[in-house]
Amino acid sequence: EGETGFAIDPADHAAIAARVTSLVEDPALLARCKAGAARLYAERYAVERIADNLAESARIAMEKAGNTA
C-alpha cells in the first residue's frame, strides 16, 4: 500500500476518490508510487526479464522431454 499504488475495490467509488485526492494533495506520495511502479515494472516486465523467463521455461521443458541441447 502506497509503494506502487493502492489496492482498492473497483466498486468502492468513495475509496477511489479518496485515494486520487490523496495523490493530488501529496506530491511526495505520488512520486513514491510512480517510482515504485516504474521499478516493479522494470523488475517484472522488462523485455530482458521476459526473455530470460522464456529461455528458462524452454530449458526446463527440454530437460523434461529428455533434450539437453
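The expected span of a helix is 1.5 Å times one less than its number of residues. Helices here are DSSP runs of H or I with at least four residues, and strands are runs of E with at least two, numbered from the N terminus. Helix H3 (residues 47-64) has 18 residues and should therefore span 26 Å, and its end C-alpha atoms are indeed 26 Å apart.

The model is predicted: local features need pLDDT of at least 70, side-chain atom pairs count only at pLDDT 80 or more, and totals for chains, interfaces and linings use all residues. Residues are numbered from 1 along each chain as its sequence is written, and side-chain values use heavy atoms, with hydrogens and water left out.

**Overall form**

The protein chain contains three helices and zero strands, in the order α-α-α along the sequence. Its radius of gyration is 19 Å, whereas a compact globule of 69 residues would have one near 11 Å. That radius is taken over C-alpha atoms, and the globule rule is 2.2 Å times the number of residues to the power 0.38. Along the principal axes, the C-alpha atoms fill a box of roughly 55 × 25 × 15 Å. The C-alpha atoms of Leu30 and Arg59, which are 29 residues apart along the chain, are separated by 41 Å.

Buried residues account for 7% of the 69 residues; buried means under 20% relative accessible area, exposed over 50%, and partly exposed in between (1.4 Å probe, protein chains only). The accessible surface comes to about 5500 Å², and 60% of this belongs to carbon and sulfur atoms. Such areas come from the Shrake-Rupley method with a 1.4 Å probe, and for residues only the protein chains shown count as cover.

**Helices H1 and H2**

Ile16 lies in helix H1 (residues 13-25) and, at 31% relative accessibility, counts as partly exposed. Together with Val20 and Val24, Ile16 makes a nonpolar surface patch of about 250 Å². Patches consist of residues with over 30% relative accessible area and no salt bridge; like charges are joined within 9 Å, and nonpolar side chains (Val, Leu, Ile, Met, Phe, Trp, Tyr) within 5 Å.

Helix H2 includes Leu30, which is partly exposed with a relative accessible area of 34%. The structure holds one aromatic pair. The ring centres of Tyr41 and Tyr45 are 5.9 Å apart and the planes lie at 40°, so the pair is tilted. Rings of Phe, Tyr and Trp (its six-membered ring) pair if their centres lie within 6.5 Å; planes under 30 degrees apart count as stacked, over 60 as edge-to-face and the rest as tilted. Tyr41 and Tyr45 are four residues apart in helix H2 (residues 27-45), which means a separation of about one helical turn. Tyr45 is partly exposed, at 42% relative accessible area.

**Salt bridges of helix H3**

A salt bridge is a side-chain nitrogen of Lys or Arg within 4 Å of a carboxyl oxygen of Asp or Glu, and by this rule the count comes to two.

| Salt bridge | Closest N to O distance |
|---|---|
| Glu56 and Arg59 | 2.4 Å |
| Glu63 and Arg59 | 2.4 Å |

Glu56, Arg59 and Glu63 are thereby linked in a network. Within helix H3, Glu56 and Arg59 are three residues apart, about one turn, while Glu63 and Arg59 are four residues apart, also about one turn. Glu56 is partly exposed at 36% relative accessible area, Arg59 is partly exposed at 36%, and Glu63 is partly exposed at 47%. Just after H3, Gly66 takes a positive phi of about 90°.
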